Amino acid sequence: MAISHDTIYALSSGAPPSGVSVVRISGPATKDVLVSLIGSVPADRAAAYRTIRTRNNEPIDRGLALFFPAPNSFTGEDVAELQIHGSKAVLAALFQALGEFPNVRMAVEGEFSRRAFENGKLDLVEVEGLADLIGAETEMQRRLAVEHSAGGLSAIYDSWAERLTRARALIEAELDFPDEDDVPGSVSDMVWSDMETLRADIAQHLSAASAGEIIRDGFKVVIAGAPNAGKSSLLNALARRDVAIVTDIAGTTRDVLHLDLDIDGYLVKLYDTAGLRETEDRVEMEGVRRARVALLNADLVLLLVDMTSPEIPGDLEPTFPHVTVGTKKDLIGIAPGRYDLQISTTTGDGLPELRQLIGRVVAARFGGLSMAIPSRQRHKDSLAKCLSALDEAISQVDVDLELRTEQLRVAADYLGRITGRVDVEQLLGVIFSEFCIGK
């Protein structure tokens with residue numbers, strides 16, 4: 001999607017019906033559209049209560065109109081917002097009127113944000129943070145998104161890129177002007193010492209990427225155990241509704257069931273799996289296979305053991321990070337054995353403590369971390385490549401200095417790809433397609 005000189009419009013608030021809907025307009029014809037719809041252009045950034053009319057002077061609705069002149073707007077273009085009653089009929093009439101103007105059209109997904117990026121109002125990390133903020137469901141997701149959308153993460157990458165550029169400049173100055181008095185003599189030691197520090201900073205930052213992904217995408221908790229250990233009953237109890245079918249027949253669960261929980265502000269993805277056992281049933285075999293795949297991808301396993309008939313499948317021997325939970329406490333009372341927690345899904349005994357335990361495990365993964373951490377795979381990939389190039393530049397002490405300097409340029413380019421400071425055209429369609437039409 002290349003940048004367009006059309007004027008675009010879209011609904012930027014929630015789907016109708018609603019008390020108020022906000023329609024955003026951006027582009028060179030914004031002023032002309034306002035004059036035609038409401039008779040004049042409101043004062044900059046001041047709300048004006050006006051009647052909105054068609055080109056035939058028929059009233060559509062009365063509402064607030066605001067005008068944000070370029071370049072001091074979200075997109076960097078002239079932008080207007082119309083706040084009107086949020087009925088489907090009002091919006092349909094307004095969209096029909098807007099569509100009759102020449103070179104004015106409905107925006108596509110993410111086009112407002114794309115124009116903000118193209119006009120230098122946002123970089124790619126800020127754009128992605130804005131998308132995450134719109135979709136945030138938990139407190140920690142909100143905090144992470146606010147940090148990214150406000151430029152906190154971009155500031156780190158920009159400072160690192162500046163250090164790389166300065167290092168290249170000093171080395172090239174020494175190569176080009178070895179006898180000049182105003183060029184520091186033998187800058188190499190100073191430069192490479194700073195690059196080693198930078199390498200350690202980037203490596204530490206990259207190590208926090210898994211935490212960022214967990215905040216954004218969720219902490220994966222897999223409920224596992226033998227058939228009839230109470231896995232589906234636990235899922236239903238934590239969901240406070242019937243998500244999974246529960247029967248006394250072993251092997252009832254045949255697939256991996258998924259539930260999202262908000263625990264202490266973190267998104268926890270809870271997975272109920274088929275009971276782990278050997279079976280000749282082809283459908284159940286597939287369920288067991290999927291359960292084992294889920295275990296491989298788990299951040300934490302809740303190993304459920306029926307305390308009335310303790311059995312731990314061989315698949316769950318201490319291969320996985322797990323918490324051992326004894327179930328059916330109402331049938332047996334306090335049972336001996338190595339249980340981290342004992343619960344009853346029938347009475348609810350132990351369930352609050354289980355939620356607290358999960359919350360502590362998740363929080364322990366983020367102890368002391370700031371929210372200025374990478375949260376997407378493309379961030380991780382570019383940081384890893386940047387670190388690799390920096391490693392080559394630092395370690396190849398016997399290589400020509402110009403070649404080592406080239407590796408510093410490569411490292412800086414990979415940092416620039418994260419924020420969009422270098423050519424990232426192939427990434428843009430993917431990134432902006434995540435947005436709704438009005439953003």
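Let me start with helix 12, where Leu351, Leu354, Leu357, Ile358, Gly359 and Val362 are buried; please keep in mind throughout that what we are looking at is a predicted model. Helix 12 has 14 residues, and from its first C-alpha to its last it reaches 20 Å, which is close to the 20 Å expected at 1.5 Å a residue. When you look at the spacing of the buried positions, it helps to remember that an α-helix has 3.6 residues a turn, so residues three or four places apart point the same way.

Now, what does helix 12 contribute to? The largest nonpolar core has 35 residues, and those with the most contacts inside it are Val221, Leu234, Leu270, Leu302 and Ile358. The largest share of this core, five residues, comes from helix 12, which runs over residues 351-364. As a general background, nonpolar side chains tend to be buried together in soluble globular proteins.

Which residues does Leu302 touch, if we leave aside residues up to four places away in sequence? The list is Val221, Val222, Ile223, Ala224, Leu234, Leu270, Val323, Leu354 and Ile358, and you will recognise Leu354 and Ile358 from the buried residues of helix 12. There is also a second, separate core of 30 residues, which includes Ala161, Ile171, Leu387 and Ala411.

Let me turn from the cores to the backbone, beginning with two peptide bonds. The bond from Pro16 to Pro17 is cis, with omega near 0 degrees, and Pro17 is found in the loop between strand 1 (7-11) and strand 2 (18-26). The bond from Ala70 to Pro71 is also cis, again with omega near 0 degrees, and here Pro71 lies in the loop that sits between strand 4 (59-68) and strand 5 (79-86).

Finally, I would like to point out two residues for their phi angles. Asn57 has a positive phi of about 70 degrees although it is not a glycine, and you can find Asn57 in the loop between strand 3 (48-53) and strand 4. Is Asn57 buried or exposed? With a relative accessible area of 52%, Asn57 is exposed, because the cut-off for that word is over 50%.

The other residue is Lys328, whose phi is near 65 degrees, a positive value in a residue other than glycine. Lys328 lies in the loop between strand 11 (322-327) and helix 11 (329-332), and at 25% relative accessibility Lys328 counts as partly exposed.

Note on methods: Residues numbered from 1 in each chain as written. Predicted model: local features only at pLDDT ≥ 70, side-chain atom pairs only at ≥ 80, totals over all residues. Heavy atoms only, no water. Core = buried A, V, L, I, M, F, W, Y, C linked by side-chain atoms within 4.5 Å. Buried < 20%, exposed > 50% of the residue type's maximum accessible area, 1.4 Å probe, protein only. Helix = DSSP H or I, 4+ residues; strand = E, 2+ residues; numbered from the N terminus. Contact = heavy atoms within 4.5 Å. Expected span 1.5 Å × (residues − 1).
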